[in-house]
Amino acid sequence: MAIIRMRDHLYDEIVNYAKEHLPEEACGLLAGVETGEGREIRKVYFLENKDHAEDHFTLDPRDQINAIRDMRANGLKPLGNWHSHPSSPSRPSVEDIRLAFDSKASYLILSLMADYPVLNSFHIEGGEWTKEDLRIYSEEYYF
Ligand SMILES: [Zn+2]
């Protein structure tokens with residue numbers, strides 16, 4: 001299984017941003033590089049949730065264009081997207097599965113339903129999802 005790596009400060013940015021946007025779902029894009037073992041997320045983009053809803057999201061198209069442009073300028077590849085689940089678990093909803101058109105993308109879902117945030121990465125293809133090996137690492141802790 002491919003390993004998806006992400007530095008701890010990027011994780012903190014996602015959690016903080018998502019908490020600031022409660023009770024709405026927060027969302028964005030992920031960019032990085034392919035590595036020998038999988039992929040590494042190097043940059044997180046925070047996009048407006050056009051729906052401003054508590055149980056679904058739509059990425060703002062203009063924000064998406066700007067993010068893709070920024071990725072190209074920085075030599076990064078689009079790796080997928082992330083969104084928060086304010087009051088449900090960290091796994092794809094029926095709608096998340098229905099709207100997951102890119103089988104190459106990693107779909108990160110952050111649950112804020114409990115005191116402690118839970119973040120998982122998913123591969124979604126043909127109506128099925130599988131969990132990816134997401135590893136949040138720091139300078140002191142690399143595995
Ligand atoms: Zn969702």
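Partly exposed here means a relative accessible area between the buried class, under 20%, and the exposed class, over 50%. Keep that in mind as you click through this predicted model, which holds 10 salt bridges.

**First stop: R7 and D8.** Start by selecting D8. Its relative accessible area is 25%, so D8 is partly exposed. Now add R7, which is partly exposed too, because its relative accessibility is 22%. Show the side chains of the pair: R7 and D8 form a salt bridge, with 3.1 Å between the closest N and O atoms.

**Widen the selection: E139.** Which residues are linked with E139 in a network of salt bridges? Keep R7 and D8 on screen while you add E139, as these three make up the network.

**Next stop: E40 and R42.** Select both residues and look for the salt bridge between their side chains, where the N to O distance is 3.9 Å. Is E40 buried or exposed? With a relative accessible area of 11%, E40 is buried. R42, on the other end of this salt bridge, has a relative accessible area of 48% and is therefore partly exposed.

**Last stop: D133 and R135.** Select R135 and then D133 to find another salt bridge, its closest N and O atoms 2.7 Å apart. Colour by accessibility if your viewer offers it. R135 has 17% relative accessibility, so it counts as buried. D133 is partly exposed, at a relative accessible area of 22%. The cut-off explains the split: buried means under 20%.

Terms used:
Residues numbered from 1 in each chain as written. Predicted model: local features only at pLDDT ≥ 70, side-chain atom pairs only at ≥ 80, totals over all residues. Heavy atoms only, no water. Salt bridge = Lys/Arg side-chain N within 4 Å of Asp/Glu carboxyl O. Buried < 20%, exposed > 50% of the residue type's maximum accessible area, 1.4 Å probe, protein only.
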